[in-house]
Amino acid sequence: MGMGNPLLDISAEVGQDMLDKYEVQLDSAILAEDKHQPIYKDLVDNYNPKYIAGGATQNSIRVAQWMLSSAGVSDATAFMGCVGKDDFGETLATCAKGDGVLSHYMQDESTPTGVCAVLVKGGERSLVTKLDAANNFKPSHLETPKAKEIIEAAKFYYIAGFFLTVSVESLKAVAEHAAAENKTFCLNLSAPFIIDFFGDQVAEAMPYADYLFCNESEAAAYAKKHELGDDLKEVALKVAALPKKNTSRPR
């Protein structure tokens with residue numbers, strides 16, 4: 001089971017001029033500021049973008065189901081997040097279903113479905129996210145009968161750090177269940193800005209992580225913030241040794 005920020009990806013191959021125009025660094029993931037607001041229309045009007053049911057966690061769950069399906073295992077994954085009550089939200093649900101993922105979205109009738117500009121250049125990509133409805137997930141959704149059923153049935157839980165900007169309370173509710181039932185909880189640090197600007201939220205989530213994912217830049221950002229040194233192998237060992245809620249297994 002995954003829980004995160006469902007987004008409609010607007011993906012296109014771009015040149016350095018597009019990155020410079022919106023002051024976007026290659027291989028970065030950021031939340032849209034005022035200067036980035038025109039980027040979505042720019043991509044639609046001036047490029048030939050692909051539309052993909054995305055969001056970091058939903059993508060991971062879709063790939064997990066693809067891998068399981070290739071091994072003959074169907075209907076083994078589920079995803080929760082918040083979308084708008086609009087065409088983009090319906091597109092996301094249709095795509096998730098087509099990929100074999102059970103989606104149980106919370107619907108926000110007053111806010112549009114979130115989008116993400118995916119700028120692809122030379123095999124690298126930069127993400128500029130406008131969360132909109134994805135930012136409005138509430139713990140109350142976890143109390144719905146279907147959500148309870150999904151949480152109870154799951155054996156593995158995966159949540160990206162991006163969700164820490166939305167609802168730490170929801171993450172902890174799922175993580176507490178995982179710890180209590182000795183199930184596997186996975187956390188991804190997702191981006192350096194999560195570590196830099198949402199450090200308290202990361203600290204709340206970290207004790208629940210049985211598996212922690214990050215890339216080199218995220219590991220370096222975490223190490224710098226917590227003064228863990230420059231050797232990323234040593235940083236990994238130090239993070240693995242941090243306190244855990246579920247002491248029956250190592251991180």
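Seven bridges are a good place to begin: 7 bridges join strand β2 (residues 7-13) to strand β9 (residues 114-121), and the two run parallel. Two strands are said to pair if DSSP finds at least two bridges between them. Strands themselves are DSSP runs (E, at least two residues), as are helices (H or I, at least four residues), and they are numbered from the N terminus. Within this pairing, Ile-10 stands opposite Ala-117 in β9.

Please keep in mind that this is a predicted model, in which local features need pLDDT of at least 70 and side-chain atom pairs count only at pLDDT 80 or more, while totals for chains, interfaces and linings use all residues. Residues are numbered from 1 along each chain as its sequence is written, and side-chain values use heavy atoms, with hydrogens and water left out.

Strand β2 has a further partner. With strand β4 (residues 50-54), β2 shares 5 bridges, and here the strands run antiparallel; Ser-11 stands opposite Lys-50 in β4. Because 6 of its 7 residues are buried, β2 is largely enclosed by the rest of the structure. Buried means under 20% relative accessible area, exposed over 50%, and partly exposed in between, with a 1.4 Å probe and protein chains only.

Let us turn to strand β11 (residues 156-160). Of its 5 residues, 4 are buried. Strand β11 is joined by 5 bridges to strand β12 (residues 184-188), in parallel, and Phe-156 has Thr-184 of β12 as its bridge partner. From β11 the chain passes through helix α6 (residues 168-180) to β12, a right-handed β-α-β crossover. Right-handed here means that, with the strands pointing away from the viewer, the path from the first strand over the helix to the second runs clockwise.

Which residues touch the most other members of the largest nonpolar core? They are Met-1, Met-3, Met-80, Phe-137, Leu-171 and Phe-185, in a core of 52 residues. A nonpolar core is a set of buried Ala, Val, Leu, Ile, Met, Phe, Trp, Tyr and Cys residues joined through side-chain atoms within 4.5 Å. Helix α6 gives the largest share of this core, 5 residues. Leaving aside neighbours within four places in sequence, Leu-171 is in contact (heavy atoms within 4.5 Å) with residues including Met-3, Ile-159, Phe-185 and Leu-187.

Helix α6 also appears at the largest cavity, where it supplies the largest share of the lining, 3 residues. Among the lining residues are Ala-175, Ala-178, Ala-179 and Phe-185. A cavity is a set of points, on a 1 Å grid over the protein atoms alone, where a 1.4 Å probe fits but cannot get out; lining residues have an atom within 4 Å of a point.

Two single residues complete the talk. Is His-36 buried or exposed? His-36, in the loop between β3 (29-31) and α2 (39-46), is buried, because its relative accessible area is 1%. Not counting residues up to four places away in sequence, His-36 touches Tyr-22, Glu-23, Val-24, Ile-30, Leu-31 and Val-128.

The other residue is Gly-2, found in strand β1 (residues 2-3). Gly-2 counts as buried because its relative accessibility is 0%. Its contacts, leaving aside neighbours within four places in sequence, are Thr-57, Ile-61, Ala-78, Phe-79, Met-80 and Tyr-158. The C-alpha atoms of Gly-2 and Asn-59 are separated by 9.5 Å, and these residues are 57 residues apart along the chain.

How values were computed: On a 1 Å grid over the protein atoms alone, a cavity is a set of points where a 1.4 Å probe fits but cannot get out, and a pocket is an open set with protein on both sides within 12 Å along at least five of seven lines; lining residues have an atom within 4 Å of a point.
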